[in-house]
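User: Please give a close look at the charged side chains and their pairings in this structure. I should like one connected account, with the surroundings of these side chains included where they help.

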Amino acid sequence: MKIYLNGKLVPKGQAAVSVFDHGLLYGDGVFEGIRFYAGRVFRLDDHVDRLYRSARAIALTIPMTPDELSLAVLETIRANGLQDGYVRLVVTRGEGSLGLSPKSCPNPTVFIIASTITLYPDEMYQRGLKLVTCATRRIAHGALSPMVKSLNYLNNIMAKIEAEQAGAGEGLMLNEQGYVAECTGDNVFVVRDGRIVTPPIAAGALAGVTRAVVFELARSLGIDIREENITRYDIYTADECFLTGTAAEIIPAVELDARLIHDGKPGPVTLRLTGLFRELTRTTGTPIG
Ligand code: PMP
């Protein structure tokens, strides 16, 4: 396996960062998870744009242009001879002293891993997964914007541990006001009376790339889709519920807090979107070259 590290492709065993890297010491950095299917990278520009926005928000200057970084992603995939897989693109604050200040970190660390991924077993896509509401609230905008896809994922990890302990496939995270924000690594949608609703970004959701694709697909089908605050009640009483994420794609959720959502089976709108999404991932994207 070849890893891209600060401008070079190096063998996995040599791909190491310093123990003084603030990405490791403080979670100070940003990242993206990107999928490629059948030799094409899905929504590469959207991911690179979000990475640069996340970096800007934390006052981190990425030492390359977006075009250079995109080319580096393609080069890394090619170097590993993969056609289908997952890319982890990471920019950390870089090596510095033990203090918090990024001033001691003159050179951000950039690395890219191209690998494979399966998040949920096939069965969960067919039957749907169980959700549980986590006691851990989604981090507030006033603390650290949930819009920033930072290396500091402890908030989500605490919720993920709760979900796993409860035997659920994903954990539902509420914001401080009690409205639904998102899941630990996925956006959440409900369908009721043929209408699709998802929490607004302001509720604490990440501006998911897959989430945006679902808006495009729904509109192309003439389905009403909107951002509105929702509560757990709206999920308990929904006709359908599904989650979206780069790794998870679109996955039905059929239970929340031991209450079946509708009949506890993936619904028709979810299945329609899943089919279209699959088609899109296999027919569009930036060729690996
Ligand atoms: N929310 C969180 C907290 C995430 O980490 C992710 C991505 N892993 C998502 C939502 C989904 O975003 P995307 O569709 O861009 O992968």
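Analyst: Arg-278 counts as partly exposed, because its relative accessibility is 33%; this value, like those that follow, was computed from a predicted model. The side chain of Arg-278 meets that of Glu-249 in a salt bridge, with 3.3 Å from N to O. This pair links distant parts of the chain, since Glu-249 belongs to strand S14 and Arg-278 to helix H8 (residues 268–283), 29 residues apart. How accessible is Glu-249? Its relative accessibility is 5%, so Glu-249 counts as buried; the limit for that class is under 20% relative accessible area. The salt bridge therefore joins a buried acid to a partly exposed base.

A second salt bridge also involves the region of strand S14. Arg-232 pairs with Asp-257, and their closest N and O atoms are 3.3 Å apart. Arg-232 lies in helix H7 (residues 232–236), while Asp-257 sits in the loop between strand S14 (249–256) and strand S15 (259–260), so the pair ties together parts that are 25 residues apart in sequence. With a relative accessible area of 33%, Arg-232 is partly exposed. Asp-257, at 17% relative accessibility, counts as buried, because the cut-off is under 20%.

Charged side chains also come together in a wider arrangement: a network of salt bridges links Arg-195, Asp-224, Arg-226 and Glu-228. Over the whole structure, a search finds 15 salt bridges.

Another of the pairings is formed by Asp-46 and Arg-43, whose closest N and O atoms are 4.0 Å apart. Asp-46 is partly exposed, with a relative accessible area of 31%.

Which residues form the negative surface patch? The patch consists of Asp-45, Asp-49, Asp-67 and Glu-68. Two helices contribute to it, as helix H2 (44–57) and helix H3 (66–79) each supply at least two of its residues. One of the members, Asp-49, lies in helix H2 and is partly exposed, with a relative accessible area of 42%. That value admits Asp-49 on accessibility, because a patch residue must have over 30% relative accessible area.

Helix H3 also holds a residue with no access to the surface. Thr-76 lies in this helix and counts as buried, because its relative accessibility is 0%. Thr-76 and Val-87 are separated by 11 residues in sequence, and their C-alpha atoms are 8.8 Å apart in space.

For contrast with the charged regions, the surface also carries a nonpolar patch of about 690 Å², made by Val-19, Phe-20, Leu-24, Leu-25, Tyr-26, Leu-98 and Leu-100. Of these residues, Leu-25 lies in helix H1 (residues 22–26). Leu-25 is partly exposed, with a relative accessible area of 33%, so it passes the limit of over 30% that patch residues must meet.

One further element completes the account. Strands S8 (residues 170–174) and S9 (residues 180–183) pair in the antiparallel sense over three bridges, and Leu-172 has Cys-183 in S9 as its bridge partner. The two strands form a hairpin with five residues between them, and in the turn Gly-178 has a positive phi of about 95°.

Conventions. Residues numbered from 1 in each chain as written. Predicted model: local features only at pLDDT ≥ 70, side-chain atom pairs only at ≥ 80, totals over all residues. Heavy atoms only, no water. Pairing = 2+ DSSP bridges. Helix = DSSP H or I, 4+ residues; strand = E, 2+ residues; numbered from the N terminus. Patch = residues over 30% accessible without salt bridge, like charges linked within 9 Å, V, L, I, M, F, W, Y side chains within 5 Å. Areas by Shrake-Rupley, 256 points an atom, 1.4 Å probe, with all protein chains shown as cover. Buried < 20%, exposed > 50% of the residue type's maximum accessible area, 1.4 Å probe, protein only. Lys, Arg positive; Asp, Glu negative; His and termini not counted. Charge placed at Lys NZ, Arg CZ, Asp CG, Glu CD.
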